[in-house]
Amino acid sequence: PELICALAHDRTSGAVADRLTDLPGTCADTLDLLAQAGHLDWAAAETLNLLEDLHTLEDEDLVAATGDGVRPRSALVADTVNERRTGARRRQHARRLRTAVADPVARVRWALEIGENPPVDELVAASDHALRAGDTDTARRFAETAWRAAPGPDTAFGWLHAMLLGTQSGAEVAHSIDHIGQTLGGFGPQLAAPAALITLIKDADPDAATARLDRITDRTHPLVVVAGALLRTYTGNPDTTTPLKIITGTGDPAVRGAAWSAAFLAADLTADTATLALLPPIADAATHGLSPTQLHAMRCRTNIHVLDLTTADLHATAAEATVTLGDLRMRAWLATLRSEIAFWSGDFEKAAGSARTAAELLRRSHHRSDERIARQWLALTCACAGHSDWAATALKDAAALPGAAVTGEHHTHLAAAVLAARRGRSGRTDIDRARRTMRENNIDAEQLASALDAALAAGTSVPRGPAAPMVTALRRSLGRADVLTPREAEVM
């Protein structure tokens, strides 16, 4: 592959040089600037007076024009141009791009490139924009820069929020959280909420998260109330009522978004279809502090509840079309949704593959509570697919993670039930344990437990209803030996 890439690079480099030779001199500079920018919308191109050159470069097949702007024809073309650029030319282009582009993230990026200190409000706007776009680590860098330029509650909140959604581990952000607290002389209610959620979701430590909230005198602040509800939901007491009250009582999108996330998780775990039916329209996502990606994912999960897999698939596709590579936690959720759609369709191999993707993404994003839940679901999908060794490994990996979140414990017992059936034993005891765990943690996953119960039960009755594909596929799977173990697969 390296040789092929090198040959392709050499050929592209020569072709670009040859085509530029016969063009006006400004075309080379325009292509250089475009390669550095990566993409320019038409408004920026016009501001920079590049339209004539870009039309010429398009005729030479060096750039690709679309309705929303223009970019280099290929990555090879961009790389060829980028590697020749001097540092002085790069700074010159950055100054021009800084004044021409409208995108807040790009404006800040080019300002920092030339050593300029952007205004704090511009940094905050760029961080918010990056968060909405799913670029959590860029959002965190901009939010930290805003804080260091103007330390205060507002910039601290933006930084903490970005830390919560970003990919750094709890240990990596602990120093930053302490730094904020020491600088401000403690955490007010607005800051205690995200700090507590970082402690819960990143560190998987509900006691420390509760302690953070308990130190706040104003326990009625909406964000503190929502954080408390989310903490209860993760630890076995799902609470939809509290965040729904917050949603109806505030117009602040940031508060609404947090409340919707808390209400949805609780409703999802309790199969509260009445609350799930209250989700706002996709067009109103911003008003409610949500992104279209989030809302599509929520609607996908809602349709999985009623096993309307066709509609669920449509929402999953829409969400995948807008998620960014940097938003690891959202990508993990979408992978889990894909896994659930495949699972209920009876395609356990695909379900296990997507579940593994979700678990690995959460490992990389350092959301340890969510990773434990993902590995418990992975164990169930692997067991159903016939990968008993993989299921056992997933159970072991889940058990090694902190047990703060209890929302996936029933999957552990259901996986054990399928594994028992594969060994010729009854899975009844494990299914009973799963149901007992569901009652203890106030979770309604009876649809799943009943379907597995039906698949594992002796008899030849024909399954009916929307769960039939899964039940039929699992019965068929249990009727044959396990597929190859990881070691066997490696040998083969």
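How many nonpolar, polar and charged residues does the lining of the second largest pocket have? In this predicted model, the lining comprises 10 nonpolar, three polar and four charged residues. The volume of the second largest pocket is about 340 Å³. Its lining is formed by 17 residues, and those closest to the pocket centre are His 39, Asp 103, Val 105, Ala 106 and Arg 109. Two helices, α7 (104-113) and α8 (120-132), each contribute at least two residues to this lining. The largest contribution comes from α7, which provides four residues.

The chain as a whole was then examined. It contains 28 helices and two strands. Along the principal axes, its C-alpha atoms occupy a box of roughly 80 × 60 × 40 Å. Of the 492 residues, 49% are buried. Among contacts in the chain with a separation of 6 or more, 62% join residues that are 24 or more positions apart. The exposed area of the chain is about 22200 Å², of which carbon and sulfur atoms supply 53%.

Helix α26 (residues 446-456) illustrates the packing of helices within the chain. Its buried residues are Leu 448, Ala 449, Ala 451, Leu 452, Asp 453 and Ala 455. An α-helix has 3.6 residues a turn, so residues three or four places apart point the same way. The buried residues of α26 pack against α20 (328-345), α22, α24 (409-422), α25 (428-440) and α27 (468-478). One of these partners, α25, contains Asp 430. Asp 430 counts as buried because its relative accessibility is 12%, which is under the 20% limit. Beyond its neighbours within four places in sequence, Asp 430 is in contact with His 413, Ala 416, Ala 417 and Ala 420.

A search for disulfides across the whole structure returned zero. For Cys 382, the closest cysteine sulfur is that of Cys 384, at a distance of 9.5 Å, and this separation is too far for a bond. A disulfide would require the two sulfur atoms to lie within 2.5 Å. Cys 384 is likewise in no disulfide, its nearest cysteine sulfur being that of Cys 382. Both cysteines are nevertheless shielded: Cys 382 counts as buried at 1% relative accessibility, and Cys 384 counts as buried at 0%.

Several loop residues were considered individually. Thr 240 is located in the loop between α14 (222-234) and α15 (241-249). With a relative accessibility of 13%, Thr 240 counts as buried. When neighbours within four places in sequence are set aside, the contacts of Thr 240 are with Ala 263, Ala 266, Ala 267, Asp 272 and Thr 275.

Gln 168 occupies the loop between α10 (153-165) and α11 (170-184). Its relative accessibility of 24% places Gln 168 in the partly exposed class. Although Gln 168 and Asp 137 are 31 residues apart along the chain, their C-alpha atoms are separated by 8.4 Å. The contacts of Gln 168, again without neighbours within four places in sequence, are with Arg 140, Val 173, Lys 202, Ser 365 and His 366.

The last of these contacts, His 366, is found in the loop between α21 (348-365) and α22 (368-385). At 30% relative accessibility, His 366 counts as partly exposed. The backbone of His 366 has a positive phi of about 65 degrees, although the residue is not a glycine. Most residues other than glycine have a negative phi. A positive phi of about 65 degrees also occurs at Asp 61, which is not a glycine. Asp 61 lies in the loop between α4 (51-59) and β1 (63-66). With a relative accessibility of 39%, Asp 61 counts as partly exposed.

Note on methods: Residues numbered from 1 in each chain as written. Predicted model: local features only at pLDDT ≥ 70, side-chain atom pairs only at ≥ 80, totals over all residues. Heavy atoms only, no water. Buried < 20%, exposed > 50% of the residue type's maximum accessible area, 1.4 Å probe, protein only. 1 Å grid on protein atoms, 1.4 Å probe; cavity = no way out; pocket = protein on both sides within 12 Å on 5 of 7 lines; lining within 4 Å. Points joined across faces, edges and corners; volume = space filled by probe spheres on them. Nonpolar A, V, L, I, M, F, W, Y, C, P; charged D, E, K, R; others polar. Contact = heavy atoms within 4.5 Å. Areas by Shrake-Rupley, 256 points an atom, 1.4 Å probe, with all protein chains shown as cover.
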